[in-house]
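Dear colleague,

I am passing on a structure to you with this message, and I would be grateful if you could look through it alongside the notes below.

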Amino acid sequence: MSAQTPQFVELDGRVLPAARATISVFDRGLLYGDGLFETLRAYHGKPFTLDEHVARLQASARLLGIGFPRKAWRRSIEILLKRNHLDDAWVRITLTRGAGRPGPLPVGRQRPTVLITTGRLDPAIAPAQRRGVRVTLVAFSRSGFLGEHKVLGFLPSVLGKVIAKRHHTFEAIFVNGEGYLTEGTTSNIFLWQRGRLITPPVDGILPGLTRRLVIRAAAADGIPVAERPLAPHELREGDEAFLTSSLVEIVPIVGVDAQAIGDGEVGPRTRRLQDLYRQMVDQGLGRR
Ligand SMILES: Cc1ncc(COP(=O)(O)O)c(C=O)c1O
């Protein structure tokens, strides 16, 4: 644990020092990746779009037959953030099916494991938002119907991140078996093409909550948005492009490996969406 890692976590409803938080060696999250997670962002100590994150988690848990705890999520998260002296931060909810008899088939009724962790935002995010980033394409993806859920088995994203780091780029973009771009390892992707905004459809990819907000903001701003498969050459030849996620918000893409997108600078259309997103965050927090 680094010196910066906050001290406290909430495990199964108890706030305790991270070093004292223990999970069974038979936890199915550990043994089979049998669980889900959500990553969200807190601003001024308040979780943003928490209800939507909890709804996504609950919908996936229901589909997979994982018990879903009734819980005052907002209260838990705000207490934990305070306890860890965090203001602007990441928050992660991890939900596993719980400990059970070893073997892939869940037997009987497990009590789910619920873990909430928090931490300081990556300092690379703010400069990435200002200056834009380069991405790398990788020839694999999170796939099938599970790709639409934030399941624990996150190896495609782990490997994608390793490859992106090796290429000195910010993010890896998955390319599926049909040769289309799907999403980033922890983000969704958008492209500007002749004034129109294009993003891959939610078909085997995570229906990002930031993606949804951006589509809504763009539509309200009179920008035509198309959800359709995107080919890698379209990204390379696009006018502007960007990544979205709860943690990085909107990060402009200015190149694919060594090749620039457009003029290689952050474009005005993406800047405008960043401003609109900032307004949505302010409004969302103000409502509480
Ligand atoms: C694979 C993947 N796609 C997209 C996203 C963006 O989702 P959201 O905007 O809900 O944070 C994430 C977020 O971590 C992700 O892991």
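The notes that follow take up the ligand site, the salt bridges, one helix and a surface patch in turn.

Please keep in mind throughout that this is a predicted model.

I begin with the ligand, which is surrounded by 17 residues, the closest being Lys 150, Glu 183, Leu 209, Thr 210 and Ser 246. Three polar contacts can be described individually. A polar side-chain atom of Thr 210 lies 2.6 Å from an oxygen atom of the ligand, a polar backbone atom of Leu 209 is 2.8 Å from a ligand oxygen, and an N or O atom in the side chain of Glu 183 is 2.9 Å from a nitrogen atom of the ligand. Taken alone the ligand exposes 390 Å², and the protein buries 97% of that area.

Glu 183 also has a partner within the protein, since its side chain meets that of Arg 142 in a salt bridge with an N to O distance of 2.9 Å. Arg 142 lies in the loop between strand S7 (133–138) and helix H5 (155–166), whereas Glu 183 belongs to strand S9 (residues 181–184), so the pair ties together parts that are 41 residues apart in sequence. Both Arg 142 and Glu 183 are buried.

The structure holds 12 salt bridges, and two others deserve a description here. Glu 10 pairs with Lys 71, with the closest N and O atoms 2.5 Å apart; this pair links distant parts of the chain, with Glu 10 in strand S1 (residues 8–11) and Lys 71 in the loop between helix H2 (50–64) and H3, 61 residues apart. Glu 10 counts as buried because its relative accessibility is 3%, while Lys 71, at 23%, counts as partly exposed.

Glu 249 forms a salt bridge with Arg 278, where the closest N and O atoms are 3.0 Å apart. Here Glu 249 sits in strand S14 (residues 249–256) and Arg 278 in helix H8 (residues 268–286), so that the two are 29 residues apart along the chain. Glu 249 is buried at 3% relative accessibility, and Arg 278 is partly exposed, with a relative accessible area of 37%. Arg 28, Asp 34 and Arg 97 are joined into one network by salt bridges that share partners.

Turning to helix H3 (residues 73–83), which of its residues are buried? They are Trp 73, Arg 74, Ser 76, Ile 77, Leu 80 and Leu 81. These residues cover an arc of only 165° around the axis, and therefore lie on the same side of H3. On the other side of the helix, Arg 75 and Lys 82 are exposed. H3 is followed by His 85, whose phi is positive, near 55°.

Two further places may be worth viewing. Glu 171, in strand S8 (residues 171–175), counts as buried at 1% relative accessibility, and its C-alpha atom is 9.5 Å from that of Ile 253, although the two residues are 82 apart in sequence. At the surface, Val 25, Phe 26, Leu 30, Leu 31 and Tyr 32 make a nonpolar patch of about 500 Å². Within this patch, Phe 26 is found in the loop between strand S2 (14–17) and helix H1 (28–32), and Phe 26 is partly exposed, with a relative accessible area of 43%.

With best regards

Technical notes
Residues are numbered from 1 along each chain as its sequence is written. This is a predicted model: local features need pLDDT of at least 70, side-chain atom pairs count only at pLDDT 80 or more; totals for chains, interfaces and linings use all residues. Side-chain values use heavy atoms; hydrogens and water are left out. Patches are made of residues with over 30% relative accessible area and no salt bridge: like charges are joined within 9 Å, nonpolar side chains (Val, Leu, Ile, Met, Phe, Trp, Tyr) within 5 Å. Accessible areas come from the Shrake-Rupley method with a 1.4 Å probe; for residues, only the protein chains shown count as cover. A salt bridge is a side-chain nitrogen of Lys or Arg within 4 Å of a carboxyl oxygen of Asp or Glu. Helices (H or I, at least four residues) and strands (E, at least two) are DSSP runs, numbered from the N terminus. Buried means under 20% relative accessible area, exposed over 50%, partly exposed in between (1.4 Å probe, protein chains only). A residue is near a molecule or strand if one of its heavy atoms lies within 4 Å of it. A polar contact is a pair of N or O atoms within 3.5 Å; within protein, one must be able to donate a hydrogen and the other to accept it, and residues adjacent in sequence count only if both atoms are side-chain atoms. The arc is that of the directions from the helix axis to the C-beta atoms.
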